[in-house]
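Trainee: I would like a close look at one strand in this model, and then at how the rest of the structure is arranged. Please take it step by step.

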Amino acid sequence: MRVSVYLHGLHRAAVGTGQIELNLREGARVTEALAQVMAVYPSLPLADKSFLVAVNDRVSHLEEVLQPEDGISLLPFLGGG
Amino acid sequence: MKPLSSFAYTPQPVSGGYTDRFLEIDLTNKNIAVTDAPPGFKEMYIGGRGYALKLIWDRTTRETRYDSPENVLVMAGGPLGNEPWFPGSGKFIVGTISPLTGTFIDSNIGGHFAPLLKLCGFDALAVTGIADQDVVLVIDGETGTIELTAAPDFGDAALGALSYGEALLREFSGGELTENIAAVTNGPGAGQARFGIVNSLFYDPRRKRIRAKQAGRGGTGTVMRRKGLRAIVVSSNLARLKGNNPVDPAGVKKAGAALKKVISQCDPKQLNLSSWGTTVLTEYMNKFHILPIDNYQYGQHPDAAQVFPDVFLKKYFSQNLPDGCYFGCNLACAKAADEVVLTRGPQAEKKVAVDGPEYETVGAVTCMGIFDPQFVMEYNWYCDEYGLDTISMGVTASFLMECAQRGFLDSEDIGFNLSFGHIEAADRLLHDTARGLGLGRICGQGVHRAKAWVAERHAARNSASVAETLAELNKFGMEVKGLEFSMYITKESLAQQGGYGFALKGPQHDEAWLIFIDQVHKELPTFEKKADALKWFPLIRTWFNAVGLCKLPWIDVRNPEAAQTSEPAKNFPTLALYVDYFNATVGASKSLQDLLDDSERLALLQKLINIRQGKGSRSSDLIPFRAMGPAFFNEYQSRAEYYDAWLQEQLGPDRKPPDDPLDRHQLIVELRRQAYQDLCDAVYRAKGFTSEAIPLMETLARFGLLDDQAVGLLNLSDPQAPKEMVSPRN
């Protein structure tokens, strides 16, 4: 199934693009999607989980089972100035 | 320069973060006085905002207006400001009765001014009266002299807040700038507009130039200008490392080192504020439909990437230096561009240094439908030089643009083509506002007063009712209590609607910013949870404004240990470091709850001032409908998928929404209005208020705030309330 990963700020600057398209097996979880991203872009600072995962613009978790056409966003912790 | 008035004194040494002394200036009589803080004062009112609140509560009345001689302009740091061992410690508060709201306003500002004021021996500066000529106040801690002098004339090239401040600092430093002298100034725009700012100027040896930070909100610079006080210069050569003389220096160093470690390890992997500054927010706000566009009609735009942070980093932030606004802050989120050539306005072709932009300034420009980074830089610089708030300027200009768009203003009213996205028009309106010309004169009054002007002209031209016209304008005039909204769209976060509506000073996000935990995290699903957050966050944020600290190292750098706590968004592990820092500095053993209780006293005192000034009732907390949802059908259409899903959720699975989109829009309007009223009820209950937003007697009594004035106010608000005073006056 096809899933999009949206990158912003630091992550977007690190890889030079704001969107990555992935082909995943049916029933894949967020963590598998991120493993694919890290395999292609090892410089992305994803290993220490210093970010939030949102699926379809709603905060989620690494073990969420993805659906076809889902959009994963990696977000910083935002508290407002 | 011959002083108009002079005062010799011996600077009081700092002990445990305080000097326990105030400097009081009466400009009418040119009187200078040094007074002692009353016993128990610091325990009750902490510092910063608390000191400003208490001085204004005691010394102004219901009749006091921003330009009344008795209005007090207070500048106060706090016990935790001035500490290089701890990050974010250069903040101070400028507080007064606002020209926009008519009630208490304060705005926090970074730089070296408050630390130097403390080294000169003062916890707070209180200015009253009105000078009969423009004056400058000079506080010299080295010689122990305080002087009022006639404001020097540096010629036409140095009339602005930045240029005048630089000339002044060079004059008083003998030509060789150092970090031991700083100034606050206002600009000529503050003499025309109600949203004038106070600039804080200090020398940065790394950039080898003077940098500036701003107290932007609510017109504090307008008050300063109206008093005839052009600038204040403060200097001291005392060592900053011992600036607070804490009770437990080792405890301060330990807490500060721990927080600096969190920042250095986490910020580069999180928001990256140290490299990009607050402009980094633009991208995230745009993604979640929160970035104001065309006067908050829309929250996302395909051109927004033109003002994303990497654009400013590559094109403008020339040296990529960590621009902290005070020693020891390794978050250092202030950014600067040293060589920007102006292309517009009266100083076109001049090369200037721009301190900023902050996210709020970027948002003010997108609010006008403009996505040009060069215009952002120029708008930033001109507003600072004129001494105007970038937020109120942008929001009022946007409101007028929408009045033109919707036919409430015509070409005769405006005099030129004013429309969203039109850079030349926005630029002209900015300069006309600073000069008080044409439509700029109306713009300078802010949205609240501009609404009345537009309503009268439109109604007269169309033989319509002024009240009915005003009701239409109220839908999209983005102000509450007279203050313009800061730069976040709240249509999809009920909690943040309250964050703006209940904010005591008006809709500025420094009291509560709950958009992400509500809209994205979905952590506040019930009215009760929203109400709890709308009580807790303003209290902890108030504490930062009372002690002289920046809140970004707490709220925008997530401590990894927070993930193991029940409420990660509150970032308790970092707050524990702040509690340790407070206790080590002042020699206390307070808990976080004790600090929140101290803040609640200040919030209640601010509420009392609001009640006294006619801005404390339930109706004062009402927000324009655009802040609740789609004020017009075009806004509904632009996010129809979201609004339709929200409507279905409200109706439940058994009820079908109307087929006609116009009917759906109308139903959404009705439901959202009701939701906001329900939120009001929940929040007032949580805060110990009546349903009319008035604090209960017992709530005030619990915090020692029932003085004669408070009892009188509550008796006016509630004829059934006890008539006698129930606690000693503080």
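Mentor: The model is predicted, and strand S1 of chain A, residues 2–6, is a good place to start. One face of S1(A) is covered and carries A:Val3 and A:Val5. The other face is uncovered and carries A:Arg2, A:Ser4 and A:Tyr6.

S1(A) pairs with strand S2 of chain A, residues 19–23, in the antiparallel sense over five bridges. In that pairing A:Ser4 stands opposite A:Glu21 of S2(A). S1(A) also pairs with strand S5 of chain A, residues 71–75, this time in the parallel sense and over three bridges. Here A:Tyr6 of S1(A) faces its opposite residue A:Ser73 in S5(A). In general, the strands of a sheet are joined by backbone hydrogen bonds, in either a parallel or an antiparallel arrangement.

Around this strand, chain A has two helices and five strands, and their order along the sequence is β-α-β-α-β-β-β. Chain A has 81 residues, and a compact globule of that length would have a radius of gyration near 12 Å; the value for chain A is 12 Å, so the two agree. Along the principal axes, its C-alpha atoms fill a box of roughly 40 × 25 × 20 Å. Of the 81 residues, 31% count as buried. Among contacts in chain A with a separation of 6 or more, 51% join residues 24 or more positions apart.

Chain A also touches chain B, and the contact takes 18 residues from chain A and 23 residues from chain B. On the chain A side, the elements giving two or more residues are helix H1 (9–15) and strand S4 (58–59). H1(A) supplies the largest share of that side, three residues. By class, the chain A side has nine nonpolar, six polar and three charged residues.

Chain B has an open sheet of six strands with mixed pairing, in the order S3-S2-S7-S4-S5-S6. Strand S3 (31–36) and strand S6 (104–109) of chain B are at the edges with a single partner strand each, so one side of each has no neighbour in the sheet. Neighbouring strands of this sheet are turned against each other by 15 degrees on average, direction ignored. Within it, S4(B), residues 73–76, and S5(B), residues 92–97, pair in the antiparallel sense over three bridges, and B:Met75 stands opposite B:Val94 of S5(B). Helix H2 of chain B, residues 48–59, lies across S4, S5, S6 and strand S7 (124–128) of that chain, and runs at about 20 degrees to S5(B).

Two further helices of chain B can be described by their buried residues. In helix H29, residues 708–717, the buried residues include B:Ala710, B:Val711, B:Leu713 and B:Leu714. These cover an arc of only 160 degrees around the axis, so they are on the same side of H29(B). Their cover includes helix H23 (592–612) and helix H28 (697–702) of chain B.

In helix H18 of chain B, residues 494–501, eight of the eight residues are buried, so H18(B) is largely enclosed by the rest of the structure. B:Leu494, B:Gln496 and B:Tyr500 are among them. The buried residues of H18(B) pack against strand S16 (479–480) and against helices H19 (515–520), H20 (527–547), H24 (625–628) and H27 (661–687) of chain B.

Technical notes. Residues are numbered from 1 along each chain as its sequence is written. Chains are lettered from A and ligands numbered from 1 in the order in which they are written. This is a predicted model: local features need pLDDT of at least 70, side-chain atom pairs count only at pLDDT 80 or more; totals for chains, interfaces and linings use all residues. Two residues are in contact if their C-beta atoms, placed from the backbone, lie within 7 Å. Helices (H or I, at least four residues) and strands (E, at least two) are DSSP runs, numbered from the N terminus. Ala, Val, Leu, Ile, Met, Phe, Trp, Tyr, Cys and Pro count as nonpolar, Asp, Glu, Lys and Arg as charged, and the others, Gly among them, as polar. Two strands pair if DSSP finds at least two bridges between them. Axes are lines fitted to C-alpha atoms, for helices over the stretch in contact, and angles run from 0 to 180 degrees between N-to-C directions. A residue is buried if 20 or more other C-beta atoms lie within 10 Å of its own, exposed if 12 or fewer, and partly exposed in between; C-beta atoms are placed from the backbone. The arc is that of the directions from the helix axis to the C-beta atoms. The radius of gyration is taken over C-alpha atoms; the globule rule is 2.2 Å times the number of residues to the power 0.38.
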